[in-house]
Amino acid sequence: MPSLDAPLILTLQLDAEAQAFFDALRQRHFPPARNYLAAHLTLFHHLSGAELDNIEAYLAVRCRTQAPIELHVSGLQSLGRGVAYTLFSPPTEALHRELQTHWQAQLTPQDQQRRRPHVTVQNKVTPEQARHLLAELTATFQPFAATGTGLQLWAYRGGPWELLRTFPFGENA
């Protein structure tokens, strides 16, 4: 596949049950006019589309030896104008740091920062709406486990993302 002029986004693919849970909440609580993405856990917001071939080659090799990643959905957090579920996962943090080191020369300042894993289920609402949903979800929250099953590479074209490729974990783990 040739290079792209669009920025690339890298997300952690979630197991089907966790994905369905977060997608349902996002459908219910995200403003419909702005909800054109499935729920996701972003690892990198802006990789260079010009490096597409190199990024895909590296991820294809790297993900073959990566075992599925255990995630602990540990709580909720306010985004000010939205709500997200927080995830605790030392293996995700370690993988993110490894990829940061590998791509250091091309990372934006945002992608050079430490990642705080989360899945946003509401955004772009009033602070009052966000506080209400946070209180509602917190009242019944029970921590649960999820699994990272691979990485997904997307092209950002100013609106909906275009899935370019999924790199499953553990083909040779």
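Alanine 135 is a good place to start in this predicted model: the residue is found in helix H5. With a relative accessibility of 48%, alanine 135 counts as partly exposed, because that value falls short of the over 50% needed for exposed. Alanine 135 can also be set against alanine 67: the two are 68 residues apart in sequence, and their C-alpha atoms are 35 Å apart in space.

**Helix H5 and its surroundings**

H5 takes in residues 127–140, which makes 14 residues. From its first C-alpha to its last the helix reaches 21 Å, close to the 20 Å expected at 1.5 Å a residue. Which residues of H5 are buried? They are Ala130, Leu133 and Leu137. These residues cover an arc of only 70° around the axis, so they sit on the same side of H5. The face turned away from that buried side carries the exposed residues Glu128, Arg131, His132 and Ala139. As for partners, the buried residues of H5 pack against helix H1 (16–29) and against three strands, E3 (69–78), E4 (83–88) and E5 (118–122).

Just before H5 in the chain there is a loop worth a stop. Lysine 124 has its place in this loop, between E5 and H5. Its phi is near 65°, a positive value in a residue other than glycine. For context, most residues other than glycine have a negative phi.

On the other side of that loop, strand E5 holds threonine 120. This threonine counts as buried because its relative accessibility is 14%, and the cut-off is under 20%. Not counting residues up to four places away in sequence, threonine 120 touches Arg26, Phe30, His40, Leu79, Val83 and Ala84.

**Helix H1**

Arg26 leads us on to H1, where it is one of the buried residues, together with Ala18, Gln19, Phe22, Leu25 and His29. They cover an arc of only 135° around the axis, which puts them on the same side of H1. The opposite face, turned away from the buried side, carries exposed Ala16, Glu17, Gln27 and Arg28. Among the elements covering the buried residues of H1 are E1, E3, E4, E5, H5 and E6.

**Helix H3, seen from inside**

H3 is next. Its buried residues are Thr92, Glu93, Leu95, His96, Leu99 and Gln100. Seen down the axis of H3, they fall within an arc of 165°, so they line one face of the helix. That buried set packs against strand E1 (8–14), strand E2 (41–47), H2, E3, helix H4 (109–112) and strand E6 (144–156).

How do the spans of H1 and H3 compare with what their residue counts would give? The table sets them out.

| Helix | Residues in helix | Expected span | End-to-end C-alpha distance |
|---|---|---|---|
| H1 | 14 residues | 20 Å | 20 Å |
| H3 | 13 residues | 18 Å | 18 Å |

Is histidine 96 of H3 buried or exposed? At 3% relative accessibility, histidine 96 counts as buried. Leaving aside its neighbours within four places in sequence, histidine 96 is in contact with Leu43, Phe44, Asp111, Gln113 and Arg115.

**Where H2 meets H3**

Two packed helices are described by the angle between their axes and the distance between the axes. For helix H2 (residues 52–64) and helix H3 (residues 90–102), the axes come within 13 Å and cross at roughly 150°. The crossing is right-handed. H2 brings Tyr58, Leu59 and Arg62 to the contact, while H3 brings Leu95, Glu98, Leu99 and His102. Sorted by class, the contact has 4 nonpolar, 1 polar and 2 charged residues.

Glutamate 98 gives a closer view of this meeting point. Its place is in helix H3, and it is partly exposed, with a relative accessible area of 30%. Which residues does glutamate 98 contact, leaving aside its neighbours within four places in sequence? They are Tyr58 and Arg62, which both belong to the H2 side of the helix contact. Glutamate 98 also has a listed separation from glutamine 152: 54 residues in sequence and 17 Å in space, C-alpha to C-alpha.

Notes:
Residues numbered from 1 in each chain as written. Predicted model: local features only at pLDDT ≥ 70, side-chain atom pairs only at ≥ 80, totals over all residues. Heavy atoms only, no water. Helix = DSSP H or I, 4+ residues; strand = E, 2+ residues; numbered from the N terminus. Expected span 1.5 Å × (residues − 1). Buried < 20%, exposed > 50% of the residue type's maximum accessible area, 1.4 Å probe, protein only. Arc of directions from axis to C-beta. Contact = heavy atoms within 4.5 Å. Axes fitted to C-alpha atoms, helices over the stretch in contact; angles between N-to-C directions. Left-handed = near helix turned anticlockwise from the far one by under 90°. Nonpolar A, V, L, I, M, F, W, Y, C, P; charged D, E, K, R; others polar.
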